[in-house]
Amino acid sequence: MKRPTLRRKLLGWLAAYVALVTLAVFGAANYVHEHAEHAVWRSLLNTELDSIIAHLRTDPDYRWQDSDTLHLFREHDEAGIPETLAALKPGLHDGTLLAGREAAVMVRDTDDFGRVALALDITDFAELEHFVTRWALLAGGALLLVTLLMAWVGMNRLVRPLSILAQDIGHLRPERRGQQVQVDRRGSAELEVIAGALNDYLQRNEHFVERERAFISTASHELRTPVAVITGAAELALEQPDLPARARQQLQRIRGTASGVEQLIQLLLVLARDPAKLAAMSELLALEQLVPEIIEDHRHLANGKELQMQLVQAEPCRLLAPLGVVQAAIGNLLRNAIENSDRGVIRLSVSAQALVTIEDPGHGMSPEAVAQLYARLAKDERNPRSGIGLELIARLCDHLGWTLDIHSQPERGTRVVLDMRASLPERPA
């Protein structure tokens, strides 16, 4: 799920704040208005009703004359009290309908005159009140829109330098050199500190990478000569016809170990190069012909075990990749399968989509162990007990755009799929 931008968050919080403040102001104003209005109606009607009752008590012939807005209703009059007023409790009642008009009514029960009600026609006042309320709401809405518009303009000016910096950081790529991020001239001092720290980190990281590549390249080249001497000496010794069986076994072990170290050196040299420079080392390979050669080169590692290696499928597949890299990657996976298996058949297959599958009958791993292995490879962490083969292959896959899938079950073996489709040659349109 895509996270909201800082601008959207700030505008959302500001809109919510302004809306709450507006509602609070209108609510408080409406509360004060209603209480003030009731106080005025109560005072006005009570005063007028007290005056009328006082006149009635002092002058039996007193007759009240209704006006356009004030109407008196008495229980003992011929007209009596309307049913809507007769059902009301004593006190002030605002918004009562009389003959289709809105009125404020004061109802009072007296001992000598029975129920008396004085009604004030407030229809015109209510219409004016509704008119003012509508315009106040419109004004509040306009205030909210203007506030949000001004906030949006101000937010753009404040947040834009941060957005530009975030975009520049998002465009950084590990394979590029000399990358720097710049702060917009309208940016704040805090952004300058962030950009300066990031640029310093980028520069130091580039130095570290170059130093690591130089060290790996130098060490690998220095190791190649003694490994070649060991391999050549072992092969010459193995050509002797009268060599004892025990000595021949040890020499084969030396040759196999030297071959493994040579493949490891090849991997280190590849990882020391930029991915862009690997294209110059690539060549067109027939993968279905290369895998049988790799199997034969590693067959001696199964000596002393009840293991067989079979190529069960070899579909024609042309691959554009460095020869030594492909040999080292598949060889390391095959070596792991041999080392973790005691008996049975190791099956290999090659598909036309550049998928190399290796299935071994070894001890296998639990789902939790496989998940931990993936997590360790993703974090580039090493397990000293498992060697560096898988770690190097995982880094190699990242380097070349390949993927490595591992499926395993305890005591039922492991299935490893090396997907090298990223190195398939492009077909002409």
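## Exercises on sheet and helix packing

The four strands of one open sheet follow the order β1-β4-β3-β2, with antiparallel pairing. Strands pair when DSSP finds at least two bridges between them. This is a predicted model: local features need pLDDT of at least 70, side-chain atom pairs count only at pLDDT 80 or more, and totals for chains, interfaces and linings use all residues. Residue numbers start from 1 along each chain as its sequence is written, and side-chain values use heavy atoms, with hydrogens and water left out.

**Exercise 1. Find the edges of the sheet, then place a helix on it.**

Step 1. Take the order β1-β4-β3-β2. β1 (70-74) and β2 (91-98) stand at the edges; each has a single partner strand, so one side of each lacks a neighbour in the sheet.

Step 2. Get the twist. Neighbouring strands are turned by 25 degrees against each other on average, direction ignored.

Step 3. Inspect one pair. β3 (residues 101-110) and β4 (residues 114-121) run antiparallel and are joined by eight bridges. Ala103 stands opposite Asp121 in β4.

Step 4. Add the helix. α1 (residues 6-58) packs on the sheet and touches β1, β2, β3 and β4; its direction makes about 50 degrees with that of β3. Contact means heavy atoms within 4.5 Å. Axes are lines fitted to C-alpha atoms, for helices over the stretch in contact, and angles run from 0 to 180 degrees between N-to-C directions.

**Exercise 2. Classify the packing of α3 on α4.**

Step 1. Helix α3 (residues 123-170) and helix α4 (residues 189-238) pack at about 10 degrees, with axes 11 Å apart.

Step 2. Apply the cut-offs: under 35 degrees is roughly parallel, over 145 roughly antiparallel, 65 to 115 roughly perpendicular, and the rest oblique. α3 and α4 are therefore roughly parallel to each other.

Step 3. List the contact. α3 gives Pro161, Leu162, Leu165 and Ile169; α4 gives Leu191, Ile194, Ala195 and Leu198.

Step 4. Sort by class. The contact has eight nonpolar, no polar and no charged residues. Ala, Val, Leu, Ile, Met, Phe, Trp, Tyr, Cys and Pro count as nonpolar, Asp, Glu, Lys and Arg as charged, and the others, Gly among them, as polar.

**Exercise 3. Do likewise for α7 and α8.**

Step 1. The axes of α7 (residues 287-298) and α8 (residues 323-339) come within 10 Å and cross at roughly 50 degrees. That makes α7 oblique to α8.

Step 2. Residues of the contact include Leu287 and His298 of α7, and Gly331 and Arg335 of α8.

Step 3. The classes are 10 nonpolar, three polar and one charged.

Technical notes. Helix = DSSP H or I, 4+ residues; strand = E, 2+ residues; numbered from the N terminus.
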